[in-house]
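User: Please take a close look at one part of this protein for me. I would like to know how one pair of helices packs, and then what surrounds that part.

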Amino acid sequence: MVKKGSGVKKPAKNNMYKEAKEKSLLAFAAAIDGDIDAEVCVVASLSLSEEAVTALRAACAGIGAPDPVFLQASSLDRASVFSAVEGLDPLVLVVADEGAAALLTEAYREPFVPDSFGFAFGRLYAAFSSFESDLADARLKQRDWALLKKLKQGLPENS
C-alpha cells in the first residue's frame, strides 16, 4: 500500500509534484510499503521476514535514513520495477536478495552485484544474495552492516 509520508526529502513548492508522484505509483500500490518519499528503497523479490524488516529498518536508522520504503518486486516485470523505483526516486537502494538484483540488472541494464556496494543509474546501492539468510551468521551480518554503512555517503549531511 502506498502510504503518504509526513516528512518529505525534497520540499515541494507545488502540490502538483506530489500528486504526480502519487499517481505514477498507483499501479504499484500493492507492491509498496512505507513512505513514498523515503530516502532509502529496499527492493526484494522474496517476502522478507519480520526479523529481516526490523533489521533493515534499524540499519537504515543507523545511517540516518529511518523509515525506508519497501518494494516487493516479485509480481513486477523489469519495466514495472524500473517505473516503481524511478517513481519512488530514492537516494539509495538496498537490494535484499539475488532475485531483486537480477530484476534491477535487467531493468536498468546495469549490474547490481549481490554482496557488494555500487553505483547504478545515479544511485548508490548495497546488494545482498540474501540479507535475510545473512542474519543467521555473525560474520555475514557484520559484512552486511559494513555495506549498508557505505550508503550514508549517498544521503544528505543532515541525515
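Analyst: The helix pair H3 and H4 comes first, followed by some single residues elsewhere in the chain.

This is a predicted model, in which local features need pLDDT of at least 70, side-chain atom pairs count only at pLDDT 80 or more, and totals for chains, interfaces and linings use all residues. Residues are numbered from 1 along each chain as its sequence is written, and side-chain values use heavy atoms, with hydrogens and water left out.

Start with the overall layout. The chain has six helices and seven strands. Both are DSSP runs numbered from the N terminus: helices are H or I with at least four residues, strands are E with at least two. Along the sequence the order is β-α-β-β-α-β-α-β-α-β-β-α-α. Of the 159 residues, 46% are buried. Here buried means under 20% relative accessible area, exposed means over 50%, and partly exposed is in between (1.4 Å probe, protein chains only). Contact means heavy atoms within 4.5 Å. Among contacts with a separation of 6 or more, 70% join residues 24 or more positions apart.

Now the helix pair. Two packed helices are described by the angle between their axes and the distance between the axes. H3 covers residues 78-88 and H4 covers residues 98-108. Their axes come within 8 Å and cross at roughly 85°. H3 is therefore roughly perpendicular to H4. Axes are lines fitted to C-alpha atoms, for helices over the stretch in contact, and angles run from 0 to 180 degrees between N-to-C directions. Angles under 35 degrees count as roughly parallel, over 145 as roughly antiparallel, 65 to 115 as roughly perpendicular, and the rest as oblique.

Which residues meet? On H3 they are Arg78, Val81, Phe82, Val85 and Glu86. On H4 they are Leu103, Leu104, Glu106, Ala107 and Tyr108. These residues divide into seven nonpolar, no polar and three charged. Ala, Val, Leu, Ile, Met, Phe, Trp, Tyr, Cys and Pro count as nonpolar; Asp, Glu, Lys and Arg count as charged; the others, Gly among them, count as polar.

Next, the loop that follows H3. Asp89 is found between H3 and strand S5 (92-95). Most residues other than glycine have a negative phi. Asp89 is not a glycine, yet has a positive phi of about 50°. Its relative accessibility is 29%, so Asp89 counts as partly exposed. Phe121 also has a positive phi, of about 55°, without being a glycine. Phe121 lies in the loop between strand S6 (116-120) and strand S7 (123-127). With 41% relative accessibility, Phe121 is partly exposed.

Then helix H5, residues 131-134, which includes Asp134. Asp134 is buried, at 7% relative accessible area. Leaving out residues up to four places away in sequence, Asp134 touches Asp115, Phe128, Leu140, Lys141, Arg143 and Asp144. The side chains of Asp134 and Arg143 make a polar contact at 2.7 Å. A polar contact is a pair of N or O atoms within 3.5 Å; within protein, one must be able to donate a hydrogen and the other to accept it, and residues adjacent in sequence count only if both atoms are side-chain atoms. Asp134 and Asp144 are 10 residues apart along the chain, with C-alpha atoms separated by 7.7 Å.

Last, the cysteines. The structure holds zero disulfides (a disulfide is a pair of cysteine sulfur atoms within 2.5 Å). For Cys41, the nearest cysteine sulfur is that of Cys60, 9.9 Å away. Cys41 is buried, at 0% relative accessible area. Cys60 is in no disulfide either, and counts as buried at 2% relative accessibility.
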